[in-house]
Every structure is written in C-alpha cells, then in structure tokens.
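Please open the model in your viewer and keep the sequence panel beside it. The tour below proposes one selection after another and says what is to be found at each stop.

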Amino acid sequence: MIIVQEQEAGQRLTKLLGSRLGGASTGFLYKMLRKKNITLNGKKADGSERLCAGDEIRIFLSEETYEKFASREEEEHFPEAHLDIIYEDTQILIVNKPAGMLSQKSSPRDVSLNEYMLGYLVRSGQWSPGEQAFRPSVCSRLDRNTSGLVVCGKTMSALQCMAELLRSRELKKYYLCLVSGRVESAQRLEAWLKKDAASNRVAIFEEEQNGALPIITEFEPLNVTDRATILKVHLVTGRPHQIRAHLASIGHPVVGDGKYGDQAVNESFRREYGTKRQLLHAWRIEFPQMEPPLETLSGKSFEADLPHDFRKVLQKMHGKVT
C-alpha cells in the first residue's frame, strides 16, 4: 500500500504510479486500473485523479511482478553547499543564488541550485528520494551569471501554484543592473523576442515575427552618470535573456554581459573594477493575494542584497550604493 505524502499531493495518479513502477508501460498501468488490480481509496480509478495527502493506493500484484516493475534507482548523493535562504515554510524556499551557479542542470554532469536545494531538504529531514515519488524543484530560473532570488517548490501543490503565478504575471519581479551609458527617464518597452536554441541567443524585434514571443520590460534609473546607469527593472514578462537582450537592443547593454554587451565597455570595467560577469541581480519579488497552500505569502515581498562584486563596482563608481 502507498500512502500519498503531503509533498506528492496534487499530481495525477498515473504520474505517481509511473515513478513507483518505472519498469511498467503506461498501457500496463491502465490495464491494472481497469481490472482493479490498482485501487485508490478502496475504489476503482482511471488514473486521471488528482491525489491528496493521505490517499491510499493499493497495488494487487504478485511480489515477483511488483519487484520486476518497481524502479530501482541507484542511491543518490546530493551535494552540499551553504544556501543563502531568504525565506522558508512548509511549501517553498526562496534562495539568493550566487552568480556562477546554474539554476537547473543543462547536462547530466552539471551540479545546480536544484541539486543543492535537494541536498538541503534531505539533510534537514524534509524529503527522502527513496520514499516519495514527488521531487522538489526550482520554480523560477536565473541565468548562470545572474545573481538573486530563486523560488523553489517543496510540494507538488506549491509547484503548481507557482507555475500559475508566473504564467499569469501576478508575481512581480524586480532586478537591479548596471547598464552602459546615460538613461535619463523611466520607460516601458514592448517588443518581440525570438530564441535560437542552437546558439542559445535571442533576438529582439520591434514588430511581430514568426516564432517570436511578446515581451514587456519596464525600468527606471536610480543613479545616472555619463558612463553608466543603475537601473531598477520590472520584468513584466519572463522570457529567456529578456532583460539583457532588450536593454542591449536600445543601446544600453548590461555591463559585463559577454553575450549581448559592448565588449569595449566590458573590457574597460574588467580592467578598472575587476568585473567578470554581467552586473544583473534579481533583487525583489512581490506576492499578490494568494490562495491555499500559499496563503501565508499574501502581500509579502522579499529582497536579496547585492552580491559583493556588484556592490564593489557601485561603491567605487559612486562612493555609495543607491
């Protein structure tokens, strides 16, 4: 018998069965459901049911058959790192990710924030990969060399709520960045973004293009010099590389950005200030009114301090951090 845990609630029955019986085909699982060899809370199920904590799943198979289909994952070892945890409850973690760390793996050998977060949950006794079908995960992502706030879901229901929150744009996300040149006034930019997966680059267009997605970026200057401007950016839509590419398209690339930036500017800042990456930081998030299970986050906001390398540049340029 399987008792559905809080972290596993919200997923479909077939998904949980697929994780517990990894060697069984989907057709086999549906056949067992039809024959009532697999039941949910003592009743026949079709597999589409959304599970709740405490639900009972009974699997009536011979021990030999069960052992044959049960997934036999190798024991996992999750890496350990000091995480700068800004907020934590039973549903989510909010972490201040350092620059240089991936949010999620891009290849099997990568180690990312996602693995460090899982390691933290294992060592704190909040999650066990061998006992639960559900796997906690990062909800929002940042580029490797962008620092700042990343939300992680500890339960299936939290991941689903966060996905909807991000899709609806109700979660407000603010960034701080240093851009080349003078930006004198606040602006709202609307454009179209198209990604080239092969080169992992995006292009910005003023008019709609086939395969391009609409983007909206708002910003206001906080400190202006002839050389560079500190911007507070409201990321209305959240497309890959949006802030970096959008600002570069109007002639104000993020300082230190090797992909979309001005290489002469980047080299100048590297020589003078030791800048080694794009000076872009996910600074603040603001939650709207929330329904369960995230109701305790209603109206709350969270901020992550600028990392040392970013602060050092601003202090040398301006004498203080705005």
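Select Thr229, which is buried, with a relative accessible area of 0%; here buried means under 20% relative accessible area, exposed over 50% and partly exposed in between, with a 1.4 Å probe and protein chains only. This is a predicted model, in which local features need pLDDT of at least 70 and side-chain atom pairs count only at pLDDT 80 or more, while totals for chains, interfaces and linings use all residues. Residues are numbered from 1 along each chain as its sequence is written, and side-chain values use heavy atoms, with hydrogens and water left out.

Thr229 sits in strand β13; helices (H or I, at least four residues) and strands (E, at least two) are DSSP runs numbered from the N terminus. Show polar atoms, and a polar atom of the Thr229 side chain is found 2.7 Å from the backbone oxygen of Gly181, while the side chain of Thr229 also reaches the backbone nitrogen of Val183 at 3.0 Å. With neighbours within four places in sequence left aside, the contacts of Thr229 (heavy atoms within 4.5 Å) include Cys177, Val179, Pro221 and Val224.

Move next to Cys177, whose contacts beyond four places in sequence include Thr229, Leu231, Leu247 and Phe310. Cys177 is also among the residues with the most contacts inside the largest nonpolar core, together with Tyr175, Leu231 and Leu247, in a set of 29 residues. A nonpolar core is a set of buried Ala, Val, Leu, Ile, Met, Phe, Trp, Tyr and Cys residues joined through side-chain atoms within 4.5 Å. Colour by element to see that β6 (92-97), α4 (113-123), β8, β9, β13 (228-235), α6 and β14 each give two or more residues to this core, the largest share, five residues, coming from α4. Another core lies apart from it, with 20 residues, among them Leu149, Phe287, Leu297 and Phe302.

Now select Thr217, in strand β12 (residues 213-224). Thr217 is buried at a relative accessible area of 0%, and its side chain makes a polar contact with the side chain of His246 at 2.7 Å. A polar contact is a pair of N or O atoms within 3.5 Å; within protein, one must be able to donate a hydrogen and the other to accept it, and residues adjacent in sequence count only if both atoms are side-chain atoms.

For the next stop, display Asn200, in the loop between β10 (187-196) and β11 (201-205). Asn200 is partly exposed, with a relative accessible area of 35%, and its phi is near 55°, a positive value in a residue other than glycine. Asn200 and His241 are 41 residues apart along the chain, with their C-alpha atoms separated by 9.4 Å, and His241 is one of the residues in contact with Asn200, as are Lys195, Lys259 and Tyr260.

A second residue to select for its backbone is Asn41, in the loop between β2 (38-40) and β3 (43-44), where phi is likewise near 55° and positive in a residue other than glycine; at 41% relative accessibility, Asn41 counts as partly exposed.

Finish at Pro292 and Pro293, which are joined by a cis peptide bond with omega of about 10°; Pro293 lies in the loop between β14 and β15 (301-303).
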